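Please open the model in your viewer, keep the selection panel at hand, and follow the stops below in order.

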Amino acid sequence: MIPSILPTYNRAPLTFVKGEGSWLIEADGRRFLDMGAGIAVNALGHAHPALVAALTAQAQDLWHTSNLYNIPAQQDLADRLVEATFADTVFFTNSGTEACELAVKMARRHFFDAGQPERTDIIAFEGSFHGRSAAAIAAAGSEKMTTGFGPLLPGFVHLPWGNHDALHAAITDTTAAILIEPVQGEGGIRPLPDVCLKGLRDLCDERGILLILDEVQCGMGRTGRLFAHEWAGVAPDIMMVAKGIGGGFPLGAVLATEHAASAMVAGTHGSTYGGNPLACAVGLAVMDEIVNEEFLDDVRARAGNMRQRLEALVAGHPDVFEEVRGSGLMLGLKCKAPNLDVLNACYDQMLCAVPAADNVLRLLPPLNITEADMAEACARLGRAAEAVSSS
Ligand SMILES: *Cc1c(COP(=O)(O)O)cnc(C)c1O
């Protein structure tokens, strides 16, 4: 008999009932160190006092009005994002996949409005992940996500990761945009080298197409910059954001330049819940914490510390791990042993991590994790690795 929850997830037999900073408390009282942070969502850990205060204060006043009216917190959050980034304008969604939907629509509408309606194709990359909506699975194109769901939305071209010749050849008169994650998350924590992102920007400019970055996982301070593309010193035309931007409350966004977005006039897109007062109140509190150089400096310092510890871990367990990958606090342990075996050993040590493709175990701790918690995480990872080696 089908379970009452549609069984699309293989869940670990764990039930968390409370969170405190980088810790999750199981129903049986055990304390787990959370190096997954809800898949890079709880950027400030669990139950951050400023986020709790923002949400409860807004909950007392007003939950929902729809976008038929002005929403002050949404206006403030859009202004803050515009001020802090390349973007001129923002549309709020509830998730990353909804941000993908709009990014695709925006790119197509841009060329429609510019008198080039034949430019509808979006070039995307193998191993990418953009969400689970019909457009997002077509965009990523992996068999695992698309099998049985056809006919897929047409207009996506898939290229291998890092093949320059294939990329140059793939751009034609029907190309609208290139869509890419600056650091692939689900694909196995694969950072795009800065020179490649610069090269993509130049290529888009030369060929008159748009660059769409999916920073749903790597954005909001995760790599030690507010957005990952800042490391390369270039900016996209359109950017998808979600996960960390709401710190655990459902919130996503599409950020864009005026050039890319100007065809999206009244009536071309909408969302009942997108940019609702609760989500935006929390989003503002997240911005207050993350958008300052001191915080991002600390993220970079923590990332350096964590990386050093992980390099030592890998060196100490060469039969279990192959290498450390990633950027900032978006880290991956490429495993030699099956990553799910390592993950289960981590659960035994009361540590949460997240598997990814390419036999990688992702470590995506809260950005404000303490040094003591990082040391404890690496001690638990070490014990997990020992258990895997000796099994
Ligand atoms: C998680 C993720 C998405 C989808 O976000 P949802 O909120 O789950 O819809 C899209 N792109 C990337 C890179 C992601 O990591």
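Select Leu333 first and, in this predicted model, display its surroundings: beyond its neighbours within four places in sequence, Leu333 is in contact with Leu310, Leu313, Val314, Phe321, Glu323, Val324, Asn359, Val360, Leu361, Leu363 and Leu381. Widen the selection next to the largest nonpolar core, which has 70 residues and in which Ile290, Leu310 and Leu333 are those with the most contacts. A second core, separate from that one, can be picked out through Cys100, Leu179, Leu210 and Ile238, which are included among its 26 residues. In soluble globular proteins, nonpolar side chains tend to be buried together.

Now turn to the ligand and show the residues around it, namely Ser95, Gly96, Thr97, Phe129, His130, Gly131, Glu181, Asp214, Val216, Gln217 and Lys243. Which atoms lie 2.7 Å from the ligand on the side chains of Asp214 and Gln217? For Asp214, an N or O atom of the side chain is 2.7 Å from a nitrogen atom of the ligand, whereas for Gln217 a polar side-chain atom lies 2.7 Å from an oxygen atom of the ligand. At Gly96, display the backbone, where a polar atom is 2.8 Å from an oxygen atom of the ligand. Of the 380 Å² of accessible area that the ligand has on its own, the protein covers 83%.

Finally, colour the protein by pLDDT, whose mean is 97, with 100% of the residues reaching 70 or more. Among the elements, select helix H7 (residues 164–170) for the lowest mean pLDDT, 92, and then strand E12 (residues 252–256) for the highest, 99.

How values were computed: Residues numbered from 1 in each chain as written. Predicted model: local features only at pLDDT ≥ 70, side-chain atom pairs only at ≥ 80, totals over all residues. Heavy atoms only, no water. pLDDT = per-residue confidence, 0-100. Helix = DSSP H or I, 4+ residues; strand = E, 2+ residues; numbered from the N terminus. Core = buried A, V, L, I, M, F, W, Y, C linked by side-chain atoms within 4.5 Å. Buried < 20%, exposed > 50% of the residue type's maximum accessible area, 1.4 Å probe, protein only. Contact = heavy atoms within 4.5 Å. Near = heavy atom within 4 Å. Polar contact = N/O pair within 3.5 Å; in protein donor to acceptor, adjacent residues only side chain to side chain. Areas by Shrake-Rupley, 256 points an atom, 1.4 Å probe, with all protein chains shown as cover.
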